[in-house]
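Here are a few exercises to work through with the model open beside you. Try each task first, then follow the solution step by step.

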Amino acid sequence: MSETLSAIEIRSAGAYASIQDGGRRGLRRVGVPWSGVLDAAWMSIANALVGNPATAPVIEHFDGGLVLKALHGRVRVAVAGQADIDITGEQGVQRVVCWRSICLTSGESLRIRALRAGRLVLVAIGGLQATETLGSASTYARAGIGKPLTAGERLSARFTEAADFLLPEPPVGGGAPIRVVAGPQAGHFVDDALATLCGVPFSVTDQADRMGVRLQGPPLEHRSDAHKDIISDATVPGSMQVPGSGQPIVLLADAQTVGGYPKIATVISADLGRLANRRAGETLRFQLVDVDAAERAARSHAEQLAQLVASIRRLPGDGSVDLQALYNSGLISGPISGFESEE
Amino acid sequence: MAAESHVRKVTTSRLSERMRVADAGDQAFTLVLGDRIAAEVVDTVSALDRQVNALRQAGGLPGLIETVPSFCSLTVIYDPLQTSRQQLLAALEQLPPADPLAGRSASRLWRLPVCYEGDCGPDLAATAAVLGMSVETLIDQHRQAEYRVYTLGFLPGFPFMGDLPSALQLPRRTEPRLRVAPGSVAIAGALTAIYPSESPGGWHLLGQCAVPLFDPARPQPSLLQPGDRVCFTAVNAAEHRRLQQAAKARALDLAAFSEAEVAS
């Protein structure tokens, strides 16, 4: 198998882009969060499409505008998400779809245009080279581990001659409720606070990044002023902390590892990527489940992901097939809610 | 009745009777061992943390990802694809009650140099005034106490240390600073801390420590670990600058600042 080293230039990082992988573990006790992609299932699929290991580093990108150029050599890419994508080269501009791999030849640029839905895309690059720090290539600038990508920066990747691949039935977010487990400090809130959380829609505010998402809805009332703080304890990705304002904040991959606000509930791991991908102004509903159901949901989410990865198929011939036409013709079924649970 | 009380006596060593289990989603739960910030409570947390990690290293807790000790609790984080809360709790149930003293005697003691002079302690005068003491008394009391690292967080390597002498306890600043310099030694409430990196912050800044608390290039990036003990030694501005330059050149021998395995 022939391998060549290709160079990629970030022509624009758009709204925000950083290298992320499955994240680092074992250092929360000294204040280092996991980091890593906000949707691990998308990372696995995008990496599978370009022939990478499931947790290989990818580019995580918010809100569109990312432009990558193959400087020399060929570069195989695949985008997970819901975005319009252009490839610009000598032959003009070509529209491509997400959820397939495609080769950029030397001089060609890939542009993530407007996102059709959500705010997140993951760009996998076959054989992407990234430096690991403390067991992971994930960027965590707050600890001096890497920096967000900037225009002009160069990456390198090992290109391997191979076919291109397609995920026939892409997952999309879907509007199913986001499931939560009550606690660890549900008792710091008035009796009907959990019913409020799970009974009315909450909207996503524009205060949302890799650390967390601030939501807005009817205030979740603390039992008393004394219940507005706790002696700081550990947080996890998914912790829903509620400061004195009564408006919840869901912590994500880069959030601090201990916190002094009471946590009314924890978003389950199977639904956290879906929450992180919601845009400002969108509403969501929460649904209370117990720990057993939450653990079952994690397993069912993993099984669905394994099925999706197994469904990836080779694209015919030289890859010149018009995928948009294939999707439009119904030959390949359109996006479905691949990550909804049957529970 | 006799049989029942016998059963109760036997089961007092059960995990669920020594601590409360708080749900934290499908990949974590928190074992709550107390409800106040105190050395005795954190000793119990450290001892349990040691036991859990010893069992994990012996292969007894497959699927456990990591544990996070804090002031009053130990959070156990796991992979729900490999284990479950029920399985982990059943395995932890087998642990005998931990001896908090065993954990304590194995902790490291650090002697960290702090410069309390000039620009290093921008809040010294104001804090001394609020506390009704001289700046000299404030510095003496701060550096004469021995502190324990209760937990780390807020920033990577940021140690929450206690207990601050009661005469030095005061609430946080009403106006947090947008920018606290790295190395700042600070106090708030019953705690003292060192900012490992630049950040916003609401604590009162008394001095500067040149020893780098967090460096991702080190195999163990955080200088301090939960349960470590810390004393401060005052250094003058010239010595502080020398230490800063050595730290910048990565020429500081970090081990020189600690005494390992000191029995209390």
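**Exercise 1: A helix in chain B**

This is a predicted model, and in it B:Gly132 follows helix H6(B) with a positive phi, near 70 degrees.

Task: Find which residues of helix H6 (residues 124-131) of chain B are buried, and work out why they line one face of the helix.

Solution:
- Step 1. Go through the helix and pick out its buried residues: B:Leu124, B:Thr127 and B:Ala128.
- Step 2. Look down the axis of H6(B): the buried residues fall within an arc of 100 degrees, so they line one face of the helix.
- Step 3. Turn to the other side of H6(B), where B:Ala125, B:Ala126 and B:Ala129 are exposed.
- Step 4. Return to the buried residues and see what they pack against: helix H7 (135-144) and strand E12 (204-209) of chain B.

**Exercise 2: The fold of chain A**

Task: Describe the make-up of chain A by its helices and strands, and explain why it is as compact as a globular protein of its length.

Solution:
- Step 1. Count the elements: chain A has five helices and 24 strands.
- Step 2. Compare the radius of gyration, 21 Å, with the 20 Å that the globule rule gives for 343 residues; the two are close, so chain A is as compact as a globular protein of that length.
- Step 3. Check the extent of the C-alpha trace, which spans about 65 × 45 × 30 Å along the principal axes of chain A.
- Step 4. Add burial to the picture: 51% of the 343 residues in chain A are buried.

**Exercise 3: The largest nonpolar core**

Task: Find which residues of the largest nonpolar core touch the most other members.

Solution:
- Step 1. Among the 94 residues of this core, the ones to mark are A:Ala46, A:Val77, A:Val79, A:Leu122, A:Val123 and A:Ala124.
- Step 2. Ask which element gives the most: helix H1 (residues 40-49) of chain A, with eight residues.
- Step 3. Note the domains involved: at least three residues come from each of domain 1 (3-168 + 312-329) and domain 2 (178-296) of chain A.
- Step 4. Zoom in on A:Leu122; beyond its neighbours within four places in sequence, its contacts include A:Trp42, A:Met43, A:Ala46 and A:Val58.

**Exercise 4: Where the chains meet**

Task: How many residues does the contact take from chain B and from chain A?

Solution:
- Step 1. The contact takes 38 residues from chain B and 36 from chain A.
- Step 2. On the side of chain B that touches chain A, strand E3(B) has the largest share, five residues.
- Step 3. Sort that side by class: 21 nonpolar, 13 polar and four charged residues.

Conventions: Residues are numbered from 1 along each chain as its sequence is written. Chains are lettered from A and ligands numbered from 1 in the order in which they are written. This is a predicted model: local features need pLDDT of at least 70, side-chain atom pairs count only at pLDDT 80 or more; totals for chains, interfaces and linings use all residues. A nonpolar core is a set of buried Ala, Val, Leu, Ile, Met, Phe, Trp, Tyr and Cys residues joined through C-beta atoms within 7 Å. A residue is buried if 20 or more other C-beta atoms lie within 10 Å of its own, exposed if 12 or fewer, and partly exposed in between; C-beta atoms are placed from the backbone. Helices (H or I, at least four residues) and strands (E, at least two) are DSSP runs, numbered from the N terminus. Domain bounds come from an automatic or database domain assignment. Two residues are in contact if their C-beta atoms, placed from the backbone, lie within 7 Å. The arc is that of the directions from the helix axis to the C-beta atoms. The radius of gyration is taken over C-alpha atoms; the globule rule is 2.2 Å times the number of residues to the power 0.38. Ala, Val, Leu, Ile, Met, Phe, Trp, Tyr, Cys and Pro count as nonpolar, Asp, Glu, Lys and Arg as charged, and the others, Gly among them, as polar.
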